[in-house]
Amino acid sequence: MTENRPRTPPTFEQLRTMAGQEVGVSDWTTVDQQRIDQFAECTGDHQWIHVDPERAKRQSPFRTTIAHGYLTLSIIGALALEMGIVPENTQAAFNYGFDKVRFLAPVKSGARIRLRTTLLSMEDRGPGQYLMKAANTVEIEGEQKPALTAETLVMMYERRKRAGA
């Protein structure tokens, strides 16, 4: 476990007071060729720089295949859930979008990445509804530059208390 990861998920009330604070760092996860190939199958993006290791070895400036930028971006959700930053009493959480996405460095096949997240805001959107905005950095193990930065927007719905409970 990463020492920055919350031991227990925060409550909605706690999250509302944590703006500007780092809320977690995920464990490292490997982006291997199999994962890249599966993403290519799902999206239909079979560009050689992602899926042809032999050609990439000869012609790519990186001398290996690299992950699709959107693959790296899509991993943010799973790593954020792993960190335990979604309150336990969440009924539902939905991807609401991204702001300021920047792809800064390629993720080479076989590289390990992790997510570092800082809460930017927790906005009330109605009774039991919150829009969470977070700054995310996907780091590449052993590299100075991160793979990407992105601000995520997540709409969360608090589980309603039952009458008489």
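1. A good place to start is the helix pair H2 and H5: in this predicted model, the axes of helix H2 (residues 33-43) and H5 come within 10 Å and cross at roughly 100 degrees. Angles of 65 to 115 degrees count as roughly perpendicular, so H2 is roughly perpendicular to H5.

2. Which residues in H2 and H5 meet? On the H2 side they are Arg 35, Ile 36 and Phe 39, and their partners in H5 are Tyr 70, Leu 71, Ser 74 and Ile 75. Sorted by class, this contact of H2 with H5 has 5 nonpolar, 1 polar and 1 charged residues.

3. Helix H5 is worth following further, as H5 also gives the most to the lining of the largest pocket, with 6 residues. That pocket holds about 300 Å³ of space. Its lining comprises 19 residues, and the closest to the pocket centre are Ile 76, Gly 77, Ala 80, Thr 152 and Val 154. Two or more lining residues come from each of helix H5 (69-83), strand E3 (90-103), strand E5 (129-140) and strand E6 (148-158).

4. If you are thinking about the character of the largest pocket, its lining has 13 nonpolar and 6 polar residues, with no charged residues.

5. Now to the charged pairs: the whole structure has 11 salt bridges. One of them joins Lys 133 to Asp 99, with the closest N and O atoms 3.5 Å apart. Lys 133 lies in strand E5 and Asp 99 in strand E3, so this pair ties together parts that are 34 residues apart in sequence. Strands E3 and E5 will be familiar from point 3, since both are among the elements that give two or more residues to the lining of the largest pocket.

Conventions:
Residues are numbered from 1 along each chain as its sequence is written. This is a predicted model: local features need pLDDT of at least 70, side-chain atom pairs count only at pLDDT 80 or more; totals for chains, interfaces and linings use all residues. Side-chain values use heavy atoms; hydrogens and water are left out. On a 1 Å grid over the protein atoms alone, a cavity is a set of points where a 1.4 Å probe fits but cannot get out, and a pocket is an open set with protein on both sides within 12 Å along at least five of seven lines; lining residues have an atom within 4 Å of a point. Grid points are joined across faces, edges and corners, and a volume is the space filled by probe spheres set on the points. Helices (H or I, at least four residues) and strands (E, at least two) are DSSP runs, numbered from the N terminus. Ala, Val, Leu, Ile, Met, Phe, Trp, Tyr, Cys and Pro count as nonpolar, Asp, Glu, Lys and Arg as charged, and the others, Gly among them, as polar. Axes are lines fitted to C-alpha atoms, for helices over the stretch in contact, and angles run from 0 to 180 degrees between N-to-C directions. Angles under 35 degrees count as roughly parallel, over 145 as roughly antiparallel, 65 to 115 as roughly perpendicular and the rest as oblique. Contact means heavy atoms within 4.5 Å. A salt bridge is a side-chain nitrogen of Lys or Arg within 4 Å of a carboxyl oxygen of Asp or Glu.
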